[in-house]
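Got your viewer open? Let's take a walk through this one, a stop at a time.

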Amino acid sequence: MQAVFQMLVPALIALIAVVALTRKVDVYDALIHGAGEGLGILIKIVPALIALLTAVYMLRASGALELVGQALAPVLSKLGIPVETVALLLVRPISGSAALGVGAELIASYGPDSLIGRTAAVMLGSTETTFYTIAVYFGAAGIVKTRYAVPAALCADLAGFIAAAWAVRVIFY
């Protein structure tokens, strides 16, 4: 089974090359164009990422995040969510980039094989950047009033956080 996974990426690259050849696509030009677009997106994302990470670090340094964690500790422990993931719980619905930064910090601090590291990783994969997603999709559709979409999406995020913590405990501990 592991051999199949090891061959998956090279096979996918070969398949893309064959499809590109049959469609007479200049792969190098497409790669350069895509990389340029990626850098443009990076330039747009970095200021928000820096601002959110700075806010998280300020909240953590001031002790406010610890106070929020202590206040939520009884509820989080009943839900099976590690208290150390409070920053991730607060940032994830707002910014995916900032959440990745917080998740990376949790994994670096506690280790990738720890309960907190694994829970943070699964939380990142099982929740959404709610406000960004709603803004993009509702903006594209021209919807101004979100009505129940935001509360419903935040409830779905909470369900994702709880399910992530539960799954990690069931599978790994």
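Before the opening stop, one bit of vocabulary: a crossing of two helices is called right-handed if the near helix is turned clockwise from the far one by less than a right angle, and left-handed if it is turned anticlockwise. Also keep in mind that what you have on screen is a predicted model.

**Stop: a helix pair**

Select residues 27-62, which make up helix H2, and residues 96-110, which make up helix H5. These two pack with their axes 8 Å apart, at an angle of about 45 degrees. Angles under 35 degrees would count as roughly parallel and 65 to 115 as roughly perpendicular, so H2 and H5 are oblique to each other. Now for that vocabulary: which hand does the crossing of H2 and H5 have? The crossing is right-handed.

**Stop: two loops with a twist**

Go to Lys24, in the loop between helix H1 (2-22) and H2. Lys24 isn't a glycine, yet its phi is positive, about 55 degrees. Is Lys24 buried or exposed? The cut-off for exposed is over 50% relative accessible area, and Lys24 has 76%, so it counts as exposed.

Next, jump to Arg147, in the loop between helix H7 (130-141) and H8. Here is another non-glycine residue with a positive phi, this time about 50 degrees. Arg147 counts as exposed because its relative accessibility is 64%.

**Stop: a salt bridge**

Pick Arg118 and Asp113 and show their side chains. They form a salt bridge, with the closest N and O atoms 3.3 Å apart. How many salt bridges does the count come to? Just one. At 56% relative accessibility, Asp113 counts as exposed.

**Stop: a buried leucine**

Now select helix H3, residues 64-79, and find Leu65 in it. Buried means under 20% relative accessible area; Leu65 has 10%, so it counts as buried. Add Val86 to your selection: it is 21 residues away from Leu65 along the chain, but the C-alpha atoms of the two are separated by 7.5 Å.

**Last stop: a nonpolar patch**

Finish by selecting Trp166, Val170, Ile171, Phe172 and Tyr173, and turn on the surface. Together these residues make a nonpolar surface patch of about 610 Å². Zoom in on Trp166, which is found in helix H8 (residues 149-172). With a relative accessible area of 58%, Trp166 is exposed.

Definitions and conventions. Residues are numbered from 1 along each chain as its sequence is written. This is a predicted model: local features need pLDDT of at least 70, side-chain atom pairs count only at pLDDT 80 or more; totals for chains, interfaces and linings use all residues. Side-chain values use heavy atoms; hydrogens and water are left out. Patches are made of residues with over 30% relative accessible area and no salt bridge: like charges are joined within 9 Å, nonpolar side chains (Val, Leu, Ile, Met, Phe, Trp, Tyr) within 5 Å. Accessible areas come from the Shrake-Rupley method with a 1.4 Å probe; for residues, only the protein chains shown count as cover. A salt bridge is a side-chain nitrogen of Lys or Arg within 4 Å of a carboxyl oxygen of Asp or Glu. Helices (H or I, at least four residues) and strands (E, at least two) are DSSP runs, numbered from the N terminus. Buried means under 20% relative accessible area, exposed over 50%, partly exposed in between (1.4 Å probe, protein chains only). Axes are lines fitted to C-alpha atoms, for helices over the stretch in contact, and angles run from 0 to 180 degrees between N-to-C directions. Angles under 35 degrees count as roughly parallel, over 145 as roughly antiparallel, 65 to 115 as roughly perpendicular and the rest as oblique.
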